[in-house]
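Work through the following exercises with the sequence and the model open side by side. Each task is followed by a solution that proceeds step by step.

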Number of protein chains: 2
Amino acid sequence: MKSTKQRNVILDIINNSYDHLDAYGVYEEARKKIPNISLGTVYRNLKALEDANLIDAVFDGADKLRYDRKTWHQHFICTRCHKIIDIYDLGFEQIDAYKNNKVMNYKIILEGICEECQKEE
Amino acid sequence: MKSTKQRNVILDIINNSYDHLDAYGVYEEARKKIPNISLGTVYRNLKALEDANLIDAVFDGADKLRYDRKTWHQHFICTRCHKIIDIYDLGFEQIDAYKNNKVMNYKIILEGICEECQKEE
DNA sequence: CCTCTAACTAGTAATGATTACTATTTAATT
DNA sequence: AATTAAATAGTAATCATTACTAGTTAGAGG
């Protein structure tokens, strides 16, 4: 992976933001540094950085992917407004009630390489 | 919510499938019962059924929403082929290694109504 | 340094999942 | 049975994302 000005700016934006930006939000931020950066470049790099495990992608529960720094934390997602709230201090015993947010459901998603894909390596 | 033939068929398909169908997959199944059912009807009802908490939506990690019955379970999602595997017996102590699948990451997503949205009620 | 080339970029067009729209039909209440 | 709000089929539109193309650049090897 080559190190380009565009890629570095994008990684920087994600690493310094707590806003769970979507691709267009990253694009808007990036234009402040590189005014003629292309939206396609933003999408391509977000995907490349995610594949390289340098950033995380979070689905907002509605219709869009949002991007997030790698610092270990979990998420609370509001099913009404689709706001994403970071959780740093989640103990399993508190899954049912997280602070003042009404938890209706929780999902534990394991991500990795399935057996079949491992065989193909 | 009115009870229609279309809605009942769609709910039935989800409740009797272990395939994590996407909207188009549900559409194809539904057409076996109602040949001229409209794709828009499928989308509208999937969303309505999800809002009514009768079915679940799962993001496949790539680009599509898939629908799932409400039976309590968790998911393993392959980051390579985006296969979704049901997990019924997840203990927290085994999060790091789930059967023969290589778990690279896990996400705990709490879903509910955030403080601000609660105030608006 | 200089050359070379694979990887990258900007800009634009295309794709594909999802939503919106419209005229018609239907569930279910009075 | 009459009424009507909600639902439907079919189609058009939207919008997030990806693909394409011609030109540019990072960085490896001489």
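**Exercise 1.** In this predicted model, determine which residues Arg66(A) touches, leaving aside residues up to four places away in sequence.

*Solution.* Begin by placing the residue, which is found in strand E2 of chain A, a strand made of residues 65–68. Next, collect its contacts beyond the excluded neighbours: Arg66(A) touches His20(A), Leu21(A) and Asp22(A), then Asp56(A), Ala57(A), Val58(A) and Asp60(A), and also Ile84(A). Finally, examine His20(A) in more detail, since the side chain of Arg66(A) reaches the backbone oxygen of His20(A) at 2.8 Å.

**Exercise 2.** Describe how the axes of H1(A) and H3(A) cross, and list the residues through which these two helices meet.

*Solution.* Start with the axes, which come within 10 Å of each other and cross at roughly 65°. Because angles of 65 to 115 degrees count as roughly perpendicular, H1(A) and H3(A) are therefore described as roughly perpendicular to each other. The handedness comes next, and the crossing of H1(A) and H3(A) is right-handed. Then list the partners: H1(A) contributes Gln6(A), Arg7(A), Ile10(A), Leu11(A) and Ile14(A), which meet Thr41(A), Val42(A), Asn45(A), Leu46(A), Ala48(A) and Leu49(A) of H3(A). Sorted by class, the residues of this contact comprise seven nonpolar, three polar and one charged.

**Exercise 3.** Identify which residues come nearest to DNA strand C, and work out which parts of the strand the protein approaches.

*Solution.* First, consider the 17 residues around DNA strand C, of which Thr4(A), Thr41(A), Arg44(A), Tyr43(B) and Lys47(B) come nearest. By class, this surface has five nonpolar, seven polar and five charged residues. Second, turn to the strand itself: of its atoms within 4 Å of the protein, 72% belong to sugar or phosphate, and the rest belong to bases.

Third, inspect individual atom pairs. A side-chain N or O atom of Arg44(A) lies 2.5 Å from a phosphate oxygen of DNA strand C, while a polar backbone atom of Ser38(A) is 3.1 Å from a phosphate oxygen of the strand. On the base side, an N or O atom in the side chain of Lys2(A) is 3.0 Å from a base nitrogen of DNA strand C. Last, assign the surface to elements: those giving two or more residues are helix H1 (5–15) and helix H3 (39–51) of chain A, together with helix H3 (39–51) of chain B. H3(A) gives the most, with three residues.

Technical notes: Residues numbered from 1 in each chain as written. Chains lettered and ligands numbered in written order. Predicted model: local features only at pLDDT ≥ 70, side-chain atom pairs only at ≥ 80, totals over all residues. Heavy atoms only, no water. Helix = DSSP H or I, 4+ residues; strand = E, 2+ residues; numbered from the N terminus. Polar contact = N/O pair within 3.5 Å; in protein donor to acceptor, adjacent residues only side chain to side chain. Contact = heavy atoms within 4.5 Å. Near = heavy atom within 4 Å. Nonpolar A, V, L, I, M, F, W, Y, C, P; charged D, E, K, R; others polar. Axes fitted to C-alpha atoms, helices over the stretch in contact; angles between N-to-C directions. Parallel < 35°, antiparallel > 145°, perpendicular 65-115°, else oblique. Left-handed = near helix turned anticlockwise from the far one by under 90°.
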